[in-house]
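Please examine the model below with the sequence at hand. The paragraphs that follow lead from a single residue to the helices around it.

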Amino acid sequence: MNTSLGDLAREYENSLVIQSKVIAEYREKLSMAMRNHNSGEIKRLNTMLRILYDEKSELEERTNELRAYCAETNIPN
């Protein structure tokens, strides 16, 4: 299957939506762990959130780069 750069940009955008939902779920779990004073779980969730935010940042960066390239070269999004 051949994927165009416009298709790839849309896939990255969809991945950002999914990533944001996963982050929201982990933030809710973190709130619950904090209410329960579960320090081990708090540490684990904070570590996971750090990783998820790093991934989200990279996705945002690549999405913006793809959008900009598509706009410069008149590739439909």
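**From one residue to a helix pair**

At 5% relative accessibility, A33 counts as buried, in a model that is predicted. The cut-off for a buried residue is under 20% relative accessible area, and the value for A33 is 5%. A33 belongs to helix α1. Leaving out residues up to four places away in sequence, A33 touches N38, E41, I42 and L45. One of these partners, L45, stands twelve residues from A33 along the chain, and the C-alpha atoms of A33 and L45 are separated by 8.7 Å. Both I42 and L45 are among the buried residues of α2.

The helix that holds A33 may be considered next. Helix α1 covers residues 5-35. With 31 residues, α1 reaches 45 Å from its first C-alpha to its last, close to the 45 Å expected at 1.5 Å a residue. Its buried residues are G6, A9, L16, Q19, I23, Y26, L30 and A33. An α-helix has 3.6 residues a turn, so residues three or four places apart point the same way. Against what do the buried residues of α1 pack? They pack against α2.

The chain then passes into a loop. H37 is found in the loop between α1 and α2. Is H37 buried or exposed? At 71% relative accessibility, H37 counts as exposed, since the cut-off for exposed is over 50%. The backbone of H37 also deserves attention. Most residues other than glycine have a negative phi. The phi of H37, a residue other than glycine, is nevertheless positive, near 55°.

Helix α2 follows, covering residues 39-72. It has 34 residues and reaches 49 Å from its first C-alpha to its last, close to the 50 Å expected at 1.5 Å a residue. The buried residues in α2 are I42, L45, L49, L52, K56, L59, T63, L66 and C70. What covers these buried residues includes α1. Just after α2, N74 takes a positive phi of about 60°.

How the two helices lie against each other can now be described. Two packed helices are described by the angle between their axes and the distance between the axes. For α1 and α2 the angle is about 160°, and the axes are 9 Å apart. Angles over 145 degrees count as roughly antiparallel, and α1 and α2 are therefore roughly antiparallel to each other. The crossing of α1 and α2 is left-handed. By class, the contact of α1 with α2 has 21 nonpolar, six polar and nine charged residues.

Individual residues show this contact in detail, beginning with Q19 in helix α1. Q19 is buried, with a relative accessible area of 11%. Apart from residues up to four places away in sequence, Q19 touches L52, E55, K56 and L59. Of these partners, L52, K56 and L59 are among the buried residues of α2.

Another residue of helix α1 is Y12. The relative accessible area of Y12 is 24%, and Y12 is partly exposed. Which residues does Y12 contact, leaving aside its neighbours within four places in sequence? They are L59, R62, T63 and L66. Y12 and L59 are 47 residues apart in sequence, yet their C-alpha atoms are 6.5 Å apart in space. L59 is also a partner of Q19.

The contact between Y12 and T63 can be followed from the other side. T63 lies in helix α2 and is buried, with a relative accessible area of 1%. Neighbours within four places in sequence aside, T63 is in contact with A9, Y12, E13 and L16. Two of these partners, A9 and L16, are among the buried residues of α1.

E25 offers a further point of reference in helix α1. With a relative accessible area of 47%, E25 is partly exposed. E25 and K43 are 18 residues apart along the chain, and their C-alpha atoms are separated by 16 Å.

Taken together, these details describe α1 and α2 as roughly antiparallel to each other, with the buried residues of α1 packed against α2 and with H37 in the loop between them.

Note on methods:
Residues are numbered from 1 along each chain as its sequence is written. This is a predicted model: local features need pLDDT of at least 70, side-chain atom pairs count only at pLDDT 80 or more; totals for chains, interfaces and linings use all residues. Side-chain values use heavy atoms; hydrogens and water are left out. Helices (H or I, at least four residues) and strands (E, at least two) are DSSP runs, numbered from the N terminus. Buried means under 20% relative accessible area, exposed over 50%, partly exposed in between (1.4 Å probe, protein chains only). Contact means heavy atoms within 4.5 Å. The expected span of a helix is 1.5 Å times one less than its number of residues. Axes are lines fitted to C-alpha atoms, for helices over the stretch in contact, and angles run from 0 to 180 degrees between N-to-C directions. Angles under 35 degrees count as roughly parallel, over 145 as roughly antiparallel, 65 to 115 as roughly perpendicular and the rest as oblique. A crossing is left-handed if the near helix is turned anticlockwise from the far one by less than a right angle, and right-handed if clockwise. Ala, Val, Leu, Ile, Met, Phe, Trp, Tyr, Cys and Pro count as nonpolar, Asp, Glu, Lys and Arg as charged, and the others, Gly among them, as polar.
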